[in-house]
Amino acid sequence: MKNIFKLLILFTMFPSCTGCGNQDPEIPETPEARKPAKYEPEEGQCFVFISQDLEAVGGLPDYNQGYCDHFATPAGITVYLGMGGDGDHVSGLYEVSNWGSGDCCANKYPLSNRFDNSMIAIGLAMVGQEEAISSGKQDAALDKIGEWIRNMAPHPVFLRIGYEFDGFDWNHYIPATYIPAYKYIKDRFDAAGIDNIAYVWQSKGDGTPISELDKWYPGNDYVDWCAYSYFGKPDKVMIEYACRKGKPVFIAEATPVFQEGDTYFDADINKPETAQRIWDEWFTGFFKVIEENGDVIKAFSYINIDWLSQPMWIENVTFSAMRLPHSAERLCK
């Protein structure tokens, strides 16, 4: 089996390609020159992030069987935060939270010397809180998050506000309330002088056409990076859209899923034939998309978990027919 994660790291050194120059002829060319975005890496580089819970990332005394226990510390770590309830409570920030998808606690990373040079990508869930946010009722929680981000400086923080905004089946966002909430958060952090944030606008990926993305876009002044989730198919719609807007792309969630139409297939990496198929049919295509669009895809976050070991995903149609690697070590056997 090829050493998948060594290849992930090597991708930080690939030369840029010409993704924006290979647009579908039916999609208008970008009206703007492509300018480097906040925290965009140098030409030919691509940041590697690892996610999405403490056990998957590893490298900590109480979580020591993850990616970082077998490989060098990556460029960045992905964490998740939740908002809701009264006061300034933010789940997953200072205390360990588990929503049925693994233990999460963002503050464990800055407390460890292992991650002194790592960036942080935050998936900020605001499901059901959009109107409360834009009306100021969640200011105390936002200020708590903002102060934590400020204290991370000079480390860059990539803030994915209401990630997978178009995943209506699970997030239930609508543009009329999503966009004001997104803008409110950025405006509040800007007013507080918090400047170590890159704002990331993330689609669910496959299935949302460009005409639909237009309805969700907060505007160029509110978006530093465009992003999408890459699971079953080599979707390139967000790449094309980012080219139109002159933004880099962050593949903010990525993991192998075998899919034909709406049907999903077993992906148990413990089976040698299936493991080889994962390499041949998913990772090879994933790396190809990054290489062919190296001038616009500037970061990706690999989800290093065993989905079916976590209660949230057992009944999820996408993952119910699959079994993915629990640790980086298993991937490389």
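The following exchange covers confidence, fold content, backbone exceptions, salt bridges and one cavity in a predicted model.

Student: What rules govern numbering and which atoms and residues count here?
Tutor: Residues are numbered from 1 along each chain as its sequence is written. In this predicted model, local features need pLDDT of at least 70, side-chain atom pairs count only at pLDDT 80 or more, totals for chains, interfaces and linings use all residues, and side-chain values use heavy atoms, with hydrogens and water left out.

Student: What is the mean pLDDT of the protein chain?
Tutor: pLDDT is the predictor's confidence in each residue, from 0 to 100. In the protein chain, 77% of residues reach 70 or more, and the mean pLDDT is 83.

Student: How many contacts beyond near neighbours in sequence does the model have for residues 1-18?
Tutor: Contact means heavy atoms within 4.5 Å. Over residues 21-31 the pLDDT stays under 50, and the model has 19 contacts there beyond four places in sequence. Where pLDDT is low, the predicted coordinates should not be read in detail. Residues 1-18 have pLDDT below 50, and their contacts beyond near neighbours in sequence number 54.

Student: How many helices and strands does the protein chain have?
Tutor: Helices (H or I, at least four residues) and strands (E, at least two) are DSSP runs, numbered from the N terminus. By this assignment the protein chain has 10 helices and 13 strands.

Student: What share of the residues in the protein chain is buried?
Tutor: Buried means under 20% relative accessible area, exposed over 50%, and partly exposed in between, with a 1.4 Å probe and protein chains only. Of the contacts with a separation of 6 or more, 76% are between residues 24 or more positions apart. Among the 333 residues of the protein chain, the buried share is 56%.

Student: Which residue does a cis peptide bond join to Ser51?
Tutor: Most residues other than glycine have a negative phi, and most peptide bonds are trans. One cis bond runs from Ala153 to Pro154, with omega near 10°, and Pro154 lies in the loop between helix H4 (139-152) and strand E7 (157-161). Another has omega of about 10° and a partner placed in the loop between strand E1 (47-51) and helix H2 (54-57). The residue joined to Ser51 is Gln52.

Student: Is His172, with its positive phi, buried or partly exposed?
Tutor: Tyr39, not a glycine, has a positive phi of about 65°, lies in the loop between helix H1 (4-10) and E1, and is partly exposed at 25% relative accessible area. His172 has phi near 60° and sits in the loop between helix H5 (168-171) and helix H6 (175-191). With a relative accessible area of 45%, His172 is partly exposed.

Student: How far apart are the closest N and O atoms of Arg150 and Glu147?
Tutor: A salt bridge is a side-chain nitrogen of Lys or Arg within 4 Å of a carboxyl oxygen of Asp or Glu, and the count is 8. Arg150 and Glu147 are separated by about one helical turn because they are 3 residues apart in helix H4. Arg150 is partly exposed at 32% relative accessibility, as is Glu147 at 37%. The closest N and O atoms of this pair are 3.2 Å apart.

Student: Are Glu253 and Arg160 buried or exposed?
Tutor: Their salt bridge has its closest N and O atoms 2.8 Å apart. The pair links distant parts of the chain, with Glu253 in strand E10 (residues 249-254) and Arg160 in strand E7, 93 residues apart. Both residues are buried.

Student: Which residue forms a salt bridge with Asp190?
Tutor: The closest N and O atoms are 2.6 Å apart, and the two residues are 4 apart in helix H6, so about one helical turn separates them. Asp190 is partly exposed at 38% relative accessibility, whereas its partner is buried at 11%. That partner is Lys186.

Student: Which strand gives the most residues to the lining of the second largest cavity?
Tutor: A cavity is a set of points on a 1 Å grid over the protein atoms alone where a 1.4 Å probe fits but cannot get out, and lining residues have an atom within 4 Å of a point. The structure holds 2 cavities of 30 Å³ or more, and the second largest has about 30 Å³ of space. Its lining includes Gln52, Cys104 and Tyr109. With 3 residues, the strand that gives the most is E2 (residues 76-83).

Key
1 Å grid on protein atoms, 1.4 Å probe; cavity = no way out; pocket = protein on both sides within 12 Å on 5 of 7 lines; lining within 4 Å. Points joined across faces, edges and corners; volume = space filled by probe spheres on them.
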